[in-house]
Structure formats: structure tokens, C-alpha cells
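Welcome! Here are a few short exercises to help you find your way around a structure that is new to you. Look at the display, try each task, and then follow the solution step by step.

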Amino acid sequence: MSDAEWKQFLEDLFTSFPGMMDYVASKSVNKEETLRKWRKTLEGVSFEEASAVLDDWLMGRREAPKAYERDYIAITIRSLVAGARTRRATEERLREAE
């Protein structure tokens, strides 16, 4: 994700889940460093992929994280993206085999 995309993703995330921003601000000893760690965790995840996870949560296609899972938000997004990539690759291999 580019810097602009990262900023947009955080804005989308915190606008969609305002309690998440409050949580980070109140629980982290260094909010900016926490967000840097989240960005590092999401390295290799595109803006489109991360936004798709957020959209799935907002549209109810996937259960949104619970309050006690807020610490793992970046890990959760990365995991969901990895799963989606695996599913797409499997579907593609099946189509090619047909």
C-alpha cells in the first residue's frame, strides 16, 4: 500500500469502526508506533484487498471483529486476505484443469 492508500485505509477503518480509533488511542503506549506495526503486518496486502475485508465486515458478509479482538485487527485482515488469495488460486487451478 502506498502512503496515501494507507492513510485512506486507516480513515476508512476508523470511520467505519470509531471505537477502534478510541481503543488504539487509549490502550497503546504509542499510537503512531502501533499504527506503524499494523502497516508492517499488512505489508504485501493491497489497498483493494484490505478494503474488501472492511467491506465484507460492513455488509455483513463476514462477522466483524469483537471488541476483545481489536489488538489483532491487522493480523486478522492479513489472515483473511491470505485465505482469499488461496481460494482464488484454487479456483483458478480448477478452472484451468477443466
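Helices and strands here are DSSP runs, with at least four residues for a helix and at least two for a strand, numbered from the N terminus. Please keep in mind that the model is predicted.

**Exercise 1. Work out how many helices and strands the protein has, and in what order its elements run.**

Step 1. Count the elements: there are five helices and zero strands.
Step 2. Read from the N terminus on, and the order is α-α-α-α-α.
Step 3. Now look at the overall dimensions: the C-alpha atoms fill a box of roughly 55 × 25 × 20 Å along the principal axes.

**Exercise 2. Find the largest nonpolar core and the elements that build it.**

Step 1. This core has 21 residues, and those with the most contacts inside it are F9, F14, W38, L42, W57 and I77.
Step 2. Trace where the core residues come from: α1 (3-16), α2 (18-27), α3 (31-41), α4 (47-59) and α5 (73-97) each give two or more.
Step 3. Pick out W57, one of the residues with the most contacts inside the core. Beyond four places in sequence, W57 touches F17, R62, E63, A64, P65, I73, T76, I77 and L80.
Step 4. For the wider view, buried residues make up 26% of the 98 residues in the protein.

**Exercise 3. Decide whether F47 is buried or exposed, and find what it touches.**

Step 1. Locate F47 in helix α4.
Step 2. The cut-off for buried is under 20% relative accessible area. F47 has 18%, so it counts as buried.
Step 3. List its contacts beyond four places in sequence: M1, E5, Q8, F9 and D12.
Step 4. Compare sequence with space: F47 and W6 are 41 residues apart in sequence, yet their C-alpha atoms are 7.2 Å apart.

**Exercise 4. Explain why E49 counts as buried, and see which residues surround it.**

Step 1. E49 also has its place in helix α4.
Step 2. E49 counts as buried because its relative accessibility is 16%.
Step 3. Follow its side chain, which reaches the backbone nitrogen of S46 at 2.9 Å.
Step 4. Leaving aside neighbours within four places in sequence, E49 is in contact with G44, V81, R85 and R88.

**Exercise 5. Describe the charges and the exposed area of the protein.**

Step 1. Count the charged side chains: 17 are positive and 19 are negative.
Step 2. Locate the centres of the two sets, which lie 4 Å apart.
Step 3. Turn to the surface: the protein exposes about 6700 Å², and carbon and sulfur atoms supply 51% of that area.

Methods. Residues are numbered from 1 along each chain as its sequence is written. This is a predicted model: local features need pLDDT of at least 70, side-chain atom pairs count only at pLDDT 80 or more; totals for chains, interfaces and linings use all residues. Side-chain values use heavy atoms; hydrogens and water are left out. A nonpolar core is a set of buried Ala, Val, Leu, Ile, Met, Phe, Trp, Tyr and Cys residues joined through side-chain atoms within 4.5 Å. Buried means under 20% relative accessible area, exposed over 50%, partly exposed in between (1.4 Å probe, protein chains only). Contact means heavy atoms within 4.5 Å. Accessible areas come from the Shrake-Rupley method with a 1.4 Å probe; for residues, only the protein chains shown count as cover. Lys and Arg count as positive and Asp and Glu as negative; His and the chain ends are not counted. The place of a charge is taken as NZ of Lys, CZ of Arg, CG of Asp or CD of Glu. A polar contact is a pair of N or O atoms within 3.5 Å; within protein, one must be able to donate a hydrogen and the other to accept it, and residues adjacent in sequence count only if both atoms are side-chain atoms.
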